[in-house]
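Open the model in your viewer and keep the sequence beside it, since each stop on this tour begins with a selection to make. We start at a single residue, then step back to the whole chain, and finish at a pair of helices.

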Amino acid sequence: MKFSWFHLMPYRWLPPDFRERYHGIWVDIPNRLYDPVRGHRLYNEYLDMLEYADQDGLRRHRRERAPPERLRHDAVAQPDGAALARRCPNANLLVLGNSIALYNPPVRVAEEFAMLDVISGGRLIAGFPVGTSMDINYCYGQNPATVREKYREAHELILKAWAEREPFAWNGKYTKLAT
């Protein structure tokens with residue numbers, strides 16, 4: 001039997017009247033609601049929990065986006081993954097949450113994930129969701145009609161970057177790279 005440790009890393013200190021004053025938490029809440037001192041303690045608390053799970057025998061850490069009712073405490077999963085790769089020698093690291101259609105160029109995700117995989121000794125499991133209309137369309141202003149096509153191109157480029165042993169040019173519709 002295999003067990004997983006799933007953590008959303010929510011930020012716990014929203015004001016009591018948050019639902020009345022703000023229409024959502026995903027995209028456009030003011031950063032004045034975030035306390036960096038509490039955030040510092042919270043990041044370390046969450047990383048401690050994930051390290052404990054590794055010591056306790058759980059062999060996969062999952063990091064994903066938080067559901068709409070909770071403010072997600074992290075912006076990207078790669079820094080968490082780097083910290084856990086060093087401190088958790090046993091667990092596989094499943095990183096989900098990079099909407100690769102948003103990256104320009106998407107090879108940055110390939111590079112960051114490759115670094116995580118090397119740091120962890122090959123324990124990274126990379127996941128690439130398409131994203132939601134709240135982040136892709138509303139927050140980043142991407143045309144919803146092109147998101148899937150951009151995603152497919154980015155996914156193909158990332159896989160090629162991982163597989164190729166020599167520098168290569170890329171002349172995609174959305175990403176152009178010289179050798």
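Select His155 first: this residue is partly exposed, with a relative accessible area of 27%, where buried means under 20% relative accessible area, exposed means over 50%, and partly exposed lies in between (1.4 Å probe, protein chains only). What you are viewing is a predicted model, in which local features need pLDDT of at least 70 and side-chain atom pairs count only at pLDDT 80 or more, while totals for chains, interfaces and linings use all residues. Residues are numbered from 1 along each chain as its sequence is written, and side-chain values use heavy atoms, with hydrogens and water left out.

His155 lies in helix α6 (residues 147-163); helices (H or I, at least four residues) and strands (E, at least two) are DSSP runs, numbered from the N terminus. Leaving aside neighbours within four places in sequence, His155 is in contact with Ile100 and Phe128, contact meaning heavy atoms within 4.5 Å. Add Pro106 to the selection: its C-alpha atom and that of His155 are separated by 8.1 Å, although the two residues are 49 residues apart along the chain.

Now show the whole chain, which has six helices and eight strands, running from the N terminus as β-β-α-α-β-β-α-β-α-β-α-α-β-β. Of its 179 residues, 37% count as buried.

Next, select helix α2 (residues 36-55) together with helix α3 (residues 78-87), whose axes come within 10 Å and cross at roughly 40 degrees. Axes here are lines fitted to C-alpha atoms, for helices over the stretch in contact, and angles run from 0 to 180 degrees between N-to-C directions. The two helices α2 and α3 are therefore oblique to each other, a word for angles that are not under 35 degrees (roughly parallel), over 145 (roughly antiparallel) or 65 to 115 (roughly perpendicular). To see the contact, display the side chains of Tyr43, Leu47, Leu50, Glu51 and Asp54 of α2 and of Asp80, Ala83, Leu84 and Arg87 of α3.

Finally, keep α3 alone and colour its buried residues, which are Gln78, Asp80, Gly81, Leu84 and Ala85. Seen down the axis of α3, these buried residues fall within an arc of 150 degrees, so they line one face of the helix; the arc is that of the directions from the helix axis to the C-beta atoms. Turn to the face of α3 directed away from its buried side, and you will find the exposed residues Arg86 and Arg87.
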